[in-house]
Amino acid sequence: VIPTRAAVAVVATIAGLVLLLNFKTPDTPVASGPRPGIIGSPPSAAPSSSSSSPASCAAGTGPFKDGTFTGQDVPNRFGDVQVQITISCGRITDVTPLQMPNDRQRSYDISTQAAPLLHDEALQAQSAQIDLLSGATYTSDSYARSLQSALDQAR
Amino acid sequence: MEHAAPSRQLRVLHVMGTVITVDVRAPFVPAGVLDVVEAWFADVDRRFSTFRQDSEISRLDRGELELADASAAVRRVLQMAALLQRDSGGRFDVRARGCLDPSALVKGWSVDEAMARLCAGGARNAAINAGGDVLVRGEAAPGETWRIGIRHPTRPDALAAVVSGRDLGVATSGAYERDAHIVDPSTGQPPHGVDSVTVIGPELGLCDAYATAAFAGGMDGVRWASTLEGHGVIAVTVKGRMVCNDLALQLRADGESGRRADNARISADSVGIS
């Protein structure tokens, strides 16, 4: 049932591999944080929030207050999870993990740099940007609880 | 840490117990199309949530609702689940933990349906990330395929692999999900042998279900998934060893594809397939 579309994907991907050889430059310089595996100091310990004046919202507004809201720091067995959300026009427009286990700061769905893993030398190509992340800690209860506490502040 | 904002249209939803990011690249769609997608996920949550006592799934489980009286969407998903259970030899089981819980299929399936609504609304290049399960269509930017990092199961700061493509679903199931809520239907116990399984294919619903079933079955499940036609499989074993089937190797874009000697292929004898 699947072969046709899968074949298309594979062919397209070979083109992607060729592109990779050009070593795309990230849109922005990679933040000079601690090396992977070293837990950075938390940006803030307590939940906090700040408000900003709403921009013009042509498409109407959602249920939340505009601003930036920091969720609770929720520990789990891998480490601490804390997220910050941005609300514009009453809707969540960004979710930024402030703390992830062994992970100082990473944009929710755009990684500026992929850390090396099994063979450090083999994954130099990962300095190229990735667009999305699969299989993240984002499905954890800790993540959901920190997010919920941030959203509670935005109501 | 600020990014130079790429040209994209973003909507972040907090629904179905997770965060769903809808990311449209040019050409953009009217805001009403994103509203349709948002309403779709809210509707799926209402009908399928196992955390809501009044959802159709909860009522079906308690016997308060007959399948024939359920909505078309619920009947469709449960029919798909029954087929998956048959085709997977019982590895996929919506009652693996006793109660009716099609969540492993619903999330991916609802993303497939949401993407169809986005595309019907004019989107040609878009990605939806539902709590780490990803579906992409078209391109991230003109001439650039989407690049999807697969998070390492035991090293949260590391990636297990990067895959790249135009039209791909990527679903990862692992022990870090909700404190290992997945059990092997044949034993009722958490799986062993693997820390995460990623399945890559054209439809996220199938990838989601296959990844869950494969992870639940441990290494045996990984071997099974590696034989699924048209699907890539990447697994990380409890010893930190990475195994891929041939299609996954082709999809990988992280520099590992040329280093097969360092990676056990699923077809190799390291995992017992001759």
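This short talk goes through chain B of a predicted model, with one stop in chain A at the end.

Let me begin with the overall make-up of chain B, whose secondary structure comes to seven helices and eleven strands. Of the 274 residues in this chain, 58% are buried, and if we take the contacts between residues at least 6 apart in sequence, 56% of them join residues at least 24 apart. The chain exposes about 10200 Å², and carbon and sulfur atoms supply 49% of that area.

I would like to turn now to helix α3 of chain B, which runs over residues 72-87. The helix has 16 residues and spans 22 Å from its first C-alpha to its last, which is close to the 22 Å expected at 1.5 Å a residue. Its buried residues are Val74(B), Val77(B), Leu78(B), Met80(B), Ala81(B) and Leu84(B). Seen down the axis of α3(B), these buried residues fall within an arc of 155 degrees, so they line one face of the helix. On the other side of α3(B) we find Ala72(B), Gln79(B), Arg86(B) and Asp87(B), which are exposed. What covers the buried residues of α3(B)? The cover includes α1, α2, α4 and α5 of chain B. After the helix comes Gly89(B), which has a positive phi, near 60 degrees.

One of those covering elements, α4 of chain B, which covers residues 103-120, deserves its own description. It has 18 residues and reaches 25 Å between its first and last C-alpha, close to the 26 Å expected at 1.5 Å a residue. Its buried residues include Lys107(B), Trp109(B), Asp112(B) and Met115(B), and the buried residues of α4(B) pack against β2, α1, α3, β3, β4 and α5 of chain B. Just after α4(B), Gly122(B) takes a positive phi of about 115 degrees.

Trp109(B) also brings us to the aromatic residues, for which a search of the whole structure finds three pairs over all chains. Ring pairs link Trp109(B) with Trp40(B) and Phe48(B) into a cluster, and Arg117(B) lies over the face of Trp40(B), at 4.0 Å from the ring centre.

Next, two aspartates of chain B, starting with Asp45(B), which is found in helix α1. Is Asp45(B) buried or exposed? With a relative accessibility of 13%, it counts as buried, because the cut-off for buried is under 20%. Once its neighbours within four places in sequence are left aside, Asp45(B) is in contact with Val15(B), Met16(B) and Arg52(B). The other aspartate, Asp184(B), lies in the loop between β7 and β8 of chain B and is buried as well, with a relative accessible area of 16%. Its C-alpha is separated by 9.5 Å from that of Gly221(B), a residue 37 places away along the chain.

I will finish with two points of backbone geometry, for which it helps to recall that most residues other than glycine have a negative phi, and most peptide bonds are trans. The peptide bond from Ala26(B) to Pro27(B) is cis, with omega near 5 degrees, and Pro27(B) lies in the loop between β2 and α1 of chain B. In chain A, Cys89(A) has a positive phi, near 55 degrees, although it is not a glycine. Cys89(A) sits in the loop between β4 and β5 of chain A, and with a relative accessible area of 18% it is buried.

Terms used:
Residues numbered from 1 in each chain as written. Chains lettered and ligands numbered in written order. Predicted model: local features only at pLDDT ≥ 70, side-chain atom pairs only at ≥ 80, totals over all residues. Heavy atoms only, no water. Helix = DSSP H or I, 4+ residues; strand = E, 2+ residues; numbered from the N terminus. Expected span 1.5 Å × (residues − 1). Buried < 20%, exposed > 50% of the residue type's maximum accessible area, 1.4 Å probe, protein only. Arc of directions from axis to C-beta. Contact = heavy atoms within 4.5 Å. Phe/Tyr/Trp six-rings, centres within 6.5 Å; stacked < 30°, edge-to-face > 60°. Lys NZ or Arg CZ within 6 Å of the ring centre and 35° of its normal. Areas by Shrake-Rupley, 256 points an atom, 1.4 Å probe, with all protein chains shown as cover.
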